[in-house]
Amino acid sequence: MDSIKQSSSQLVFTVRRQKAELIAPAKPTPRESKFLSDIDDQEGLRFQIPVINFYRKDSYSDLDSSMGGNYNEPVKVIKKAIAEALVFYYPFAGRLREGNGRKLMVDCSGEGVMFVEADADVTLEQFGDELKPPFPCLEELLYDVPGSAGVLNCPLLLIQVTRLKCGSFIFAVRLNHTMSDATGLVEFMTAVGEMARGASAPSTLPVWSRELLNARNPPRVTCTHHEYDEVPDTKGTIIPLDDMVHKSFFFGPSEVSALRRFLPPHLRKCSTFELLTSVIWRCRTISLKPDPAEEVRVLCLVNARFKFNPPLPNGFYGNAFAFPVAVATAEKLVKNPLGYALELVKKAKSDVTEEYMKSVADLMVINGRPHSAVVRTFLVSDVTRAGFGEVDFGWGKPVYGGPAKGGVGPFPGMASFYIPFRNKNGENGIVVPMCLPAFAMEIFVKEIERMLKGDVNPLVNTNYAIIKPAL
């Protein structure tokens, strides 16, 4: 099947896809049902999440001889490696079913993951000298096979390998988020890479153990969880579906340093995550122009693997995070110094403990697995340490590896990621893909630029006071 697409960057190319197929485990695997955890199956994770890795042809100088003559054929190598990795990660080859109380379970049927082989009439260089979201023609590089995207009774992974005419290739994957978080997905991708390079088993064996994140008996909510508040959309402020704009923002050492100037001295040693989250939350609020008296929220995704005593086992590939929330009225968030937002973010992050995770699981069971708050809410996930950029199928590390776009999830524009990135000047930093309505993106860009310049002049048509750098 051929598809010709034109992106906003005017890059035009043709993608020729083979018919989608299912890749089953290379050997027989147990036929059983395995329950997801009470963290996994919450409503807010019942969606698909896209990841994309770009590999350069000239990156395979250290290929193991075990690959024989296959180094020019990534599709053949990766398909075989997926089948071999699924022997260990066999639940991924199954299908989700829903039981009593909306409880999700994997029917380990061995049906397989969906795979698409494709060729694109484009070179890696044509994507530009800085590979970052949004990517042109993403819907062709990770094709939504009709009937494959449901949460229940559908493949849990969809993988597309697209060869480029220069010999480079793209590995794109779509994950049913109830199965794994970023850490878990990277563990699977790493296992595929190891098998592709000749290993007989993954170096880290997968561990199911989802019961470790199940509700207690009887369940009891012991912590405050404003992230699951039911917030009424009184003024129609859920972001609209139409006219959405995707754009990425790079924050290197000089940008981070410039933003720290807006903090008082005693807060300037905060983490980069805390700083960027505070800045982006505030700038995003300005751009969307909510009613000054309305509450706005930022959900901070926190990896809880090491919050447990003992920590969750090495190889655990389920969802092991919470997203505690910082809440403020729009007016307070914008009129107060940046340190106000930062303190709220720091407090939210510190809330996550083993008891907090157990309390979330209990809340899920008691309240019917609710969705997190979405009205006037922004969610950030830091994947700088997840390891997407380390996944090696035998062609070296990717030129870019990580989330395929911002704004993913059931509600467009709500979520973003912090992705490790090296710019064309060789600076290491973080790239943040954002998704906003066109009118809001224009304001957001100007506000970020204003802060990076240390400019204290307010934006035109902004009803809120503008913060100044701290002295």
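Trainee: Let's start with Cys-137: in which loop is Cys-137 found?

Mentor: Happy to begin there, and do keep in mind that this is a predicted model. Cys-137 has a positive phi of about 60° although it is not a glycine. As for its place in the chain, Cys-137 is found in the loop between S8 and H2.

Trainee: Is Cys-137 buried or exposed?

Mentor: A residue counts as buried when its relative accessible area is under 20%. Cys-137 has a relative accessible area of 6%, so Cys-137 is buried.

Trainee: Which other residue, Asn-153, has what phi?

Mentor: Good one to look up in the backbone torsions. Most residues other than glycine have a negative phi. Asn-153 lies in the loop between H2 and S9. Its phi has a positive value in a residue other than glycine, near 60°.

Trainee: Which residue does a cis peptide bond join to Pro-133?

Mentor: The loop to look at is the one between S8 and helix H2 (138-141), where Pro-134 lies. Omega is about 0° for the cis peptide bond that joins Pro-133 and Pro-134. The partner of Pro-133 is therefore Pro-134.

Trainee: And where is the place of Pro-310?

Mentor: Pro-310 is joined to Asn-309 by a cis peptide bond, with omega about 0°. The place of Pro-310 is in the loop between S13 and strand S14 (321-322).

Trainee: Turning to helix H1, how far does H1 reach from its first C-alpha to its last?

Mentor: Helix H1 covers residues 74-88, which is 15 residues. At 1.5 Å a residue the expected span is 21 Å, and H1 comes close to that. From first C-alpha to last, H1 reaches 21 Å.

Trainee: Which residue caps the N-terminal end of H1?

Mentor: Look for a side-chain oxygen by the backbone nitrogen of Val-75. The two atoms lie 3.1 Å apart, and the oxygen belongs to Glu-73.

Trainee: Which helix do the buried residues of H1 pack against?

Mentor: Among the buried residues of H1 are Val-77, Ile-78, Ala-81, Ile-82 and Leu-86. The buried residues of H1 pack against strands S3 (21-23), S8 (113-120), S9 (157-164) and S10 (169-176). They also pack against helix H3 (182-196).

Trainee: Since Gly-184 sits in H3, what is its relative accessible area?

Mentor: Leaving aside neighbours within four places in sequence, Gly-184 is in contact with Arg-305 and Tyr-317. The C-alpha atoms of Gly-184 and Ala-320 are separated by 9.0 Å, though the two residues are 136 apart along the chain. Gly-184 is buried, and its relative accessible area is 0%.

Trainee: What is the volume of the largest pocket?

Mentor: The lining has 44 residues, with Leu-301, Val-302, Ser-381, Asp-382 and Val-383 nearest the centre. By class, the lining has 26 nonpolar, 13 polar and five charged residues. H3 and helix H5 (272-288) are among the elements that each supply at least two of its residues. The volume of the largest pocket is about 910 Å³.

Trainee: How many charged residues are in the lining of the largest cavity?

Mentor: The count comes to one cavity of 30 Å³ or more. The largest cavity is lined by Ile-39, Gln-42, Tyr-228, Phe-321, Ala-322, Phe-323 and Val-360. Six of the lining residues are nonpolar and one is polar, and the number of charged residues is none.

Note on methods:
Residues numbered from 1 in each chain as written. Predicted model: local features only at pLDDT ≥ 70, side-chain atom pairs only at ≥ 80, totals over all residues. Heavy atoms only, no water. Helix = DSSP H or I, 4+ residues; strand = E, 2+ residues; numbered from the N terminus. Expected span 1.5 Å × (residues − 1). Buried < 20%, exposed > 50% of the residue type's maximum accessible area, 1.4 Å probe, protein only. Contact = heavy atoms within 4.5 Å. Polar contact = N/O pair within 3.5 Å; in protein donor to acceptor, adjacent residues only side chain to side chain. 1 Å grid on protein atoms, 1.4 Å probe; cavity = no way out; pocket = protein on both sides within 12 Å on 5 of 7 lines; lining within 4 Å. Points joined across faces, edges and corners; volume = space filled by probe spheres on them. Nonpolar A, V, L, I, M, F, W, Y, C, P; charged D, E, K, R; others polar.
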